Amino acid sequence: MSGGSFNYLCYVQDLEDLRSQRHDLEDMASRLAGLGYAQDAARETEELLLLLRQWEVRATARVARLTDVWKAVEWWDSSDSGEDGVHEALAKYRNDTDGLPTP
C-alpha cells in the first residue's frame, strides 16, 4: 500500500482528527510551500492551521469561564450538591464582565 508520508492526513474527517494531526498538517503546509507551484494550497493549509490555533485559544477561554457552571450542574444532577451551587456559579459567570477567565 502506498501513501502515509503524512500519516494519512488525506483521510482527516473532522476537527478531532485535524487536531491530532497538527504536526502532519504543518509538515504538509511546508511541503506545499516548497513546491513553488502550489502556493495557493500552501496558503490555504496555513490558514487552516491559523484557524485551528484561534479556535483552540478561544475555546480554552470559554471552557475556563464555563467550568464552574458545568461543575455545579453536574454535581447538582448527581446529588453531590444543590441548586444553590448552580445559582452561585451562574452569578460568578455573569459577573465576569471582561469575558476572560478570572485568576
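**Helix 3 and its neighbours**

Visitor: In this predicted model, where is the kink in helix 3 centred?
Guide: Helix 3 runs over 39-77. The kink in this helix is about 45°. Its centre is Leu66.

Visitor: How far apart are the end C-alpha atoms of helix 3, and what span should its residues give?
Guide: Helix 3 has 39 residues. At 1.5 Å a residue, the expected span is 57 Å, so the model's end-to-end distance agrees. That distance between the end C-alpha atoms is 53 Å.

Visitor: Are helix 3 and helix 4 roughly parallel or antiparallel?
Guide: Helix 4 covers 83-95. The two helices pack with their axes 8 Å apart, at an angle of about 170°. Angles over 145 degrees count as roughly antiparallel. Helix 3 and helix 4 are therefore roughly antiparallel.

Visitor: Which residues of helix 4 meet helix 3?
Guide: Helix 3 brings Arg65, Leu66, Asp68, Val69, Ala72, Val73 and Trp76 to this contact. Among these, Arg65, Val69 and Ala72 are buried. On the helix 4 side stand Glu83, Gly85, Val86, Ala89, Leu90, Lys92 and Tyr93.

Visitor: Which elements give two or more residues to the largest nonpolar core?
Guide: That core has six residues: Leu9, Leu18, Leu25, Ala29, Leu49 and Leu52. Leu49 and Leu52 are among the buried residues of helix 3. The elements giving two or more are helix 2 (22-35) and helix 3 (39-77).

Visitor: What does Leu9 touch, leaving out residues up to four places away in sequence?
Guide: Leu9 belongs to the largest nonpolar core, as does Leu25. Leu25 is also one of its contacts. The full set is Gln21, Asp24, Leu25 and Met28.

Methods: Residues are numbered from 1 along each chain as its sequence is written. This is a predicted model: local features need pLDDT of at least 70, side-chain atom pairs count only at pLDDT 80 or more; totals for chains, interfaces and linings use all residues. Side-chain values use heavy atoms; hydrogens and water are left out. A nonpolar core is a set of buried Ala, Val, Leu, Ile, Met, Phe, Trp, Tyr and Cys residues joined through side-chain atoms within 4.5 Å. Buried means under 20% relative accessible area, exposed over 50%, partly exposed in between (1.4 Å probe, protein chains only). Helices (H or I, at least four residues) and strands (E, at least two) are DSSP runs, numbered from the N terminus. Contact means heavy atoms within 4.5 Å. The expected span of a helix is 1.5 Å times one less than its number of residues. The bend at a residue is the angle between axes fitted to the seven residues ending there and the seven starting there. Axes are lines fitted to C-alpha atoms, for helices over the stretch in contact, and angles run from 0 to 180 degrees between N-to-C directions. Angles under 35 degrees count as roughly parallel, over 145 as roughly antiparallel, 65 to 115 as roughly perpendicular and the rest as oblique.
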